Amino acid sequence: MNQHSAVLPARTDWLRELSGGLITGVVAVVYAISYAALLFSGPLKQWLPLGIGLCLVSAMLGAFWLAWRSELPFAIAGPDGSTLSILAAMAATVTVTGAGALKGPLEHVLLLLFVTTLLCALLFLLLGFGRLGAWVRYVPFPVIGGFLASTGWLIAAGALKVAVDLPWGREALTQWPHYLADTRLLATVALAAAFLFIFRKERSPALLPLVLLGACAAFFIALLLAGVSLESARQQGWLLGGMEGAAQWMAPWTLLDTRTAGFDGLWLAGQLPDMLAVVFVAAITVLLGASGLEIMSKRDISLDHELRTHGWLNLLAACSGGCISLVSVSRSAVMLESGARTRAAGMLAAAVCGLAALGAGFVLGWIPKIVPAAFLLYIGLSILGEWVFDPRIRLNRADWALVLVILAITASVGFTTAVLVGMVAACLNFALNYSRVGVVQHDLDGTTLHSNVVRPAAQRQLLNRHGGQLRVLMLRGMIFFGSAHAVLERVRGFLAARTAGPGATRILVLDFSHVASADSSAGMTFTKISQLAQAAGVQLALSGLKPAVEASLAQGGAAATLGMHGTLDQALEAAEETLLAAYGQAAEKETLAAWMLRELGQAHWSALQPLLERRALATGQVLMHQGEVSDATLYLIESGRLTVTLRGQDSGQRLASLMGGTTAGEMGLYSSAERSATVLAERDAVVWALTRQALDQLQRSAPDTAMQVHAFVMRIMAERLRLANTTLAALQRGT
């Protein structure tokens, strides 16, 4: 009993692999024959056996290669409708009026397929080795939806071409009433509607080949009941056509022989825009398909690896006489839903495609045209429904309208034009939407935003009183013509406002720390801002400019009277110094005695002074180290300046800069925790140390003075907390 239960799971797994590979292989053959009929339709249908051969070669190579190399072992690649529908429209130009005189139209079509497949391979390898797989996430969703909806339209239109030789493009829109009376068209539409109904109700992987076989059987039963012979049905265009033996195949190097002496290079060059459109759609198809399968299988894969895998696959397909082979979500989902998980199932599917090529000649003469045509029409309508009707709920009106515009242009003008219009429209839509977001992240003044310089009380009071004369605009994102104009209008408002009396110093700081880029039009706008500021007597400072942004501003000739600073903190310090100088406070220096007399009074200062220890610090000398145990010492800074830094900060960044008339180490006076920052002399300084032992002695000898010292330290800490809260509240409010 135990032995039997141990063997059963392994047998069940192999049955899943076998059934999954066989079913997926049959489905891949159905797709290959249908896409071959799409590609070699109309005047090219005489070469349909060759088309089936190259599509089956691509299906065989795609199944084998992804099973061997992909990080998704259940993935299946093969001919893809999104690209072959465009290629079919391109191939039709070989035989239309004006191109019918080409010698060797078949060779022209095959060379078109070869060059396009080769271009896809090169792009995939370039993106894969360049680690650019994530670029698909930057393509706007409406543009992708419009492209895929357009391929759905092209597949549906190609299905009608397979059924009744309906022309492509605008000609089809004008001639379709002529074909309404054609029984083949009505039968194709009815059968496609049946496919839609059946496949929406039931999604079993084995259902597709059974339904298609049933449709073929129903067709022949209808012929029998109507008394129509097979030869008569073939003459009336109901069958694809007979052939003997295997599907045909042509080696790509034969295109270089004398049969192509009349090859029209100008025609191929004229197809280059459409070929690039095919390559673009192919890249999107691979990336979206791999991403979708990644989610379906709950795996984490490398898109760059999948691109490289597809690059080598299509290079092999081009050199083997095949066509573009891309991962198929639907065929891979069949494999996944069947329970197959190993690479053996994909190898088996590839073998099925190879065997189908050997027997395709016998089967082809018995395939009713309406069956692959209806299957293609079902695929096209399904794609249209997925990318036109379903997104109308998820997308806003503008995005959904873009999908419809791309689709309409594809149907009336052409796919390449639709691609260009879609990209331009997406760029314009992005520019308009981004302009609405606003490039000004924060609009503050000197009363709420301060530099990291901790100043004496007198200077703080003056800056708070006249802080409205300092305006700070913190910018973000990308600055271009639209968003730059919004900054200009904001500056105009500041220049027009009279926040101080005539002749008062006013300063404008523009911070670019969070600006990623700026174009040349932004440079011209900021030149205008500097000119307006100069005319209004407002001093301008710029900060945080990245090299590329600084170059853009320099091209426009923008000038800053207060200079360009590496950080916003440095720009604010320069602005504050300018304001203080304007009011005669910049050079003011207060002795320790004068400061303490003002804070404590004569009696308390007399009791405190003998307990202080004077320390002179040279530039660069460290007063305290981050992480060291606090010695519970408070430092009164009499002159010079100290810098507070944290480990890991960028060069030039500082947590605070302490001037004379301020304190350091007040947190350590009440806590035995490690020092939270490093304090060193920014320039020669003199500090007075009040140790914990001295404070305890003061507590015993003069408790009233000790109480006043504690109150003095609490006032300093409360003022710093108030300033920090004010700045934080202003930043949270934004603009």
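Phe 195 is buried, at a relative accessible area of 1%. This is a predicted model, so please hear every value as computed from it. Phe 195 shares helix H7, residues 183–201, with Phe 199, four residues further on, about one turn of the helix. Phe 199 counts as buried too, at 9% relative accessibility. The two rings form a tilted aromatic pair, with 5.8 Å from centre to centre and 35 degrees between the planes.

That pair belongs to an aromatic cluster, whose other members are Tyr 31, Tyr 35, Phe 375 and Tyr 378. Take Phe 375. Leaving out neighbours within four places in sequence, Phe 375 contacts Val 30, Tyr 31, Ser 34, Phe 195, Leu 208 and Leu 212.

Now the core. The largest nonpolar core has 132 residues, and both Phe 195 and Phe 375 are among those with the most contacts inside it, along with Phe 40, Leu 87, Phe 124 and Ile 379. Apart from that core lies another, of 28 residues, including Val 439, Leu 473, Leu 508 and Leu 553.

Next, a charged residue. Is Arg 331 buried or exposed? Arg 331 has a relative accessible area of 2%, and the cut-off for buried is under 20%, so Arg 331 is buried. Arg 331 is in helix H13, residues 329–337. Not counting residues up to four places away in sequence, Arg 331 touches Thr 24, Val 27, Ala 28, Tyr 31, Tyr 35, Ile 76, Gly 78 and Pro 79. Two of these, Tyr 31 and Tyr 35, are in the aromatic cluster I just described. Ala 28 is 303 residues from Arg 331 along the chain, yet their C-alpha atoms are separated by 6.9 Å.

On to helix packing. Helix H15, residues 370–389, packs against helix H17, residues 397–412, at about 145 degrees, with the axes 10 Å apart. H15 contributes Leu 384, Trp 387 and Val 388, while H17 contributes Trp 400, Val 403, Leu 404 and Leu 407. By class, that contact has seven nonpolar residues, with no polar and no charged ones.

Back to the rings. The structure holds twelve aromatic pairs. One of them, Phe 129 with Trp 312, is edge-to-face, at 6.4 Å between centres and 80 degrees between planes. Phe 129 is in helix H4 and Trp 312 in helix H12, so this pair ties together parts 183 residues apart in sequence. Phe 129 counts as exposed at 54% relative accessibility, and Trp 312 is partly exposed at 41%. The charged end of Arg 308 also sits over the ring of Phe 129, 5.6 Å from its centre. Elsewhere, the charged end of Arg 506 sits over the ring of Phe 494, at 5.3 Å from the centre.

Terms used: Residues are numbered from 1 along each chain as its sequence is written. This is a predicted model: local features need pLDDT of at least 70, side-chain atom pairs count only at pLDDT 80 or more; totals for chains, interfaces and linings use all residues. Side-chain values use heavy atoms; hydrogens and water are left out. A nonpolar core is a set of buried Ala, Val, Leu, Ile, Met, Phe, Trp, Tyr and Cys residues joined through side-chain atoms within 4.5 Å. Buried means under 20% relative accessible area, exposed over 50%, partly exposed in between (1.4 Å probe, protein chains only). Contact means heavy atoms within 4.5 Å. Helices (H or I, at least four residues) and strands (E, at least two) are DSSP runs, numbered from the N terminus. Axes are lines fitted to C-alpha atoms, for helices over the stretch in contact, and angles run from 0 to 180 degrees between N-to-C directions. Ala, Val, Leu, Ile, Met, Phe, Trp, Tyr, Cys and Pro count as nonpolar, Asp, Glu, Lys and Arg as charged, and the others, Gly among them, as polar. Rings of Phe, Tyr and Trp (its six-membered ring) pair if their centres lie within 6.5 Å; planes under 30 degrees apart count as stacked, over 60 as edge-to-face and the rest as tilted. A charge sits over a ring if NZ of Lys or CZ of Arg is within 6 Å of the ring centre and within 35 degrees of the ring normal.
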